[in-house]
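User: I am new to this structure and would like the reasoning behind the terms. Please take me through it briskly.

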Amino acid sequence: MDFLMSGLAACGACLFTNPLEVVKTRMQLQGELRAPGTYQRHYRNVFHAFITIGKVDGLAALQKGLAPALLYQFLMNGIRLGTYGLVEAGGYLHTAEGTLSPVRSAAAGALAGVMGAYLGSPIYMVKTHLQAQAATEIAVGHQYNHQGMFQALTKIGQKHGLVGLWRGALGGLPRVIVGSSTQLCTFSSTKDLMTQWEIFPPQSWKVALAAAMVSGIAVVLAMTPFDVVSTRLYNQPTDAQGKGLMYRGLLDALLQTARTEGIFGMYKGIGASYFRLGPHTILSLFFWDQLRMVYYTYTK
């Protein structure tokens with residue numbers, strides 16, 4: 001039940017934040033391995049990107065990749081939050097004195113995140129491909145031109161096998177390790193502190209909401225550089241053997257991006273990342289906390 005509630009909570013958040021994921025993906029691919037000022041900026045900022053995509057690709061394009069996004073969120077966060085919830089319920093995150101251990105919390109969050117992300121990697125790759133697809137005049141990054149999620153998975157599987165479906169999975173893991181450990185550690189720690197300080201009434205939904213807001217800021221700052229290179233690793237063109245043509249791996253992608261685009265290149269789309277990750281973190285953690293509270297209230 002913990003896994004089901006976690007997956008449903010993440011899907012609920014995804015419905016609201018997927019348009020921001022589309023914008024974030026396009027902004028992260030814009031000017032890929034090009035020095036600042038040497039390319040046309042189709043998307044000047046988050047709001048301009050929304051208007052441009054809606055005007056050129058149509059409003060429906062803002063929900064591109066929704067099917068794989070929902071499936072990925074259900075798989076990844078069902079496993080991630082469900083596993084973390086079971087570990088937390090088992091009392092493994094607290095010290096002998098009963099206080100929350102940030103180190104244990106971060107480790108549990110990272111391990112749970114790795115499990116979920118690796119299993120859901122093929123879905124995330126296809127989601128990235130679909131969200132990057134755009135009309136020629138505003139296209140950024142490599143264009144795969146898939147017809148949909150199942151067609152994309154079938155095509156990649158037939159052409160490159162299982163190895164092709166999990167291409168970029170290892171490069172995407174640091175993003176999840178940093179993001180998941182930061183998110184769950186800051187969420188649990190902030191919630192614990194607020195409960196101790198009695199800022200809000202016990203069991204109040206405001207505790208979870210405030211803790212999720214703090215967690216959202218921390219996640220965006222820590223995760224964005226890894227998110228940028230992860231998007232690029234998944235979206236890069238491949239040769240006949242399914243090997244990436246632009247990057248050899250995570251470290252190569254980080255170094256190439258930093259050398260050609262500078263430190264700001266590592267934080268491309270941070271505005272979109274915050275507007276997407278902030279609400280998504282707040283909504284998913286809030287839904288997760290409330291669903292668990294209702295479930296445990298009525299099953300005890």
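Pockets, cavities and a helix crossing

User: Which helices each supply at least two residues of the lining of the largest pocket?

Analyst: Four of them do: α3 (66–89), α7 (169–197), α8 and α11. Keep in mind that this is a predicted model.

User: What makes a residue part of a pocket's lining?

Analyst: The residue needs an atom within 4 Å of a pocket point. For the largest pocket, 25 residues qualify. E88, K191, Q203, D289 and R292 lie nearest its centre. The pocket's volume is about 670 Å³.

User: What classes does the lining of the largest pocket divide into?

Analyst: There are 12 nonpolar, 6 polar and 7 charged residues. Take the residues nearest the centre. Asp, Glu, Lys and Arg count as charged, so E88, K191, D289 and R292 are charged. Gln is not on the nonpolar or charged list, so Q203 counts as polar.

User: Which residues lie nearest the centre of the second largest pocket?

Analyst: Q30, Y39, R41, F264 and K268 do, from a lining of 14 residues. The volume is about 260 Å³. By class, the lining has 5 nonpolar, 4 polar and 5 charged residues.

User: Why is Y39 counted as nonpolar?

Analyst: Y39 is a tyrosine, and Tyr is on the nonpolar list, so Y39 falls in that class.

User: What makes a space a cavity rather than a pocket?

Analyst: A 1.4 Å probe fits in a cavity but cannot get out, whereas a pocket is open. By this rule, the model has 3 cavities of 30 Å³ or more. The volume of the largest cavity is about 220 Å³.

User: What lines the largest cavity?

Analyst: Its lining has 17 residues, with M76, R80, R175, M223 and L277 nearest the centre. Helices α3, α7, α8 and α11 each give two or more residues. By class, the lining is 6 nonpolar, 8 polar and 3 charged.

User: How much space lies in the second largest cavity, and which residues line it?

Analyst: About 70 Å³ lies there. The lining is C14, T17, N18, E21, A69, Y72, Q73, Y124, K127, R175 and R276. Two or more of these residues come from each of α1 (2–29), α3 and α5 (121–132). The largest share, 4 residues, belongs to α1.

User: How do you know that 4 residues of this lining are charged?

Analyst: Match the lining against the charged list of Asp, Glu, Lys and Arg: E21, K127, R175 and R276 fit. The rest of the lining divides into 4 nonpolar and 3 polar residues.

User: Why are α8 and α11 called oblique to each other?

Analyst: Their axes cross at roughly 140 degrees. Roughly antiparallel needs over 145, and roughly perpendicular runs from 65 to 115. The crossing angle fits neither range, so the pair is oblique. The axes of α8 (residues 205–235) and α11 (residues 270–299) come within 7 Å. The crossing is right-handed. Their contact has 15 nonpolar, 7 polar and 2 charged residues.

User: Where does the name "Solcar" come from?

Analyst: It comes from an unreviewed UniProt entry, which annotates a Solcar repeat at residues 1–90, 100–193 and 203–294. Such annotations may be inferred rather than shown by experiment.

User: What do residues 1–90 and 100–193 look like in the model?

Analyst: Residues 1–90 are 70% helix and 0% strand, with end C-alpha atoms 15 Å apart. Residues 100–193 are 77% helix and 0% strand, with end C-alpha atoms 9 Å apart.

Terms used: Residues numbered from 1 in each chain as written. Predicted model: local features only at pLDDT ≥ 70, side-chain atom pairs only at ≥ 80, totals over all residues. Heavy atoms only, no water. Axes fitted to C-alpha atoms, helices over the stretch in contact; angles between N-to-C directions. Parallel < 35°, antiparallel > 145°, perpendicular 65-115°, else oblique. Left-handed = near helix turned anticlockwise from the far one by under 90°. 1 Å grid on protein atoms, 1.4 Å probe; cavity = no way out; pocket = protein on both sides within 12 Å on 5 of 7 lines; lining within 4 Å. Points joined across faces, edges and corners; volume = space filled by probe spheres on them.
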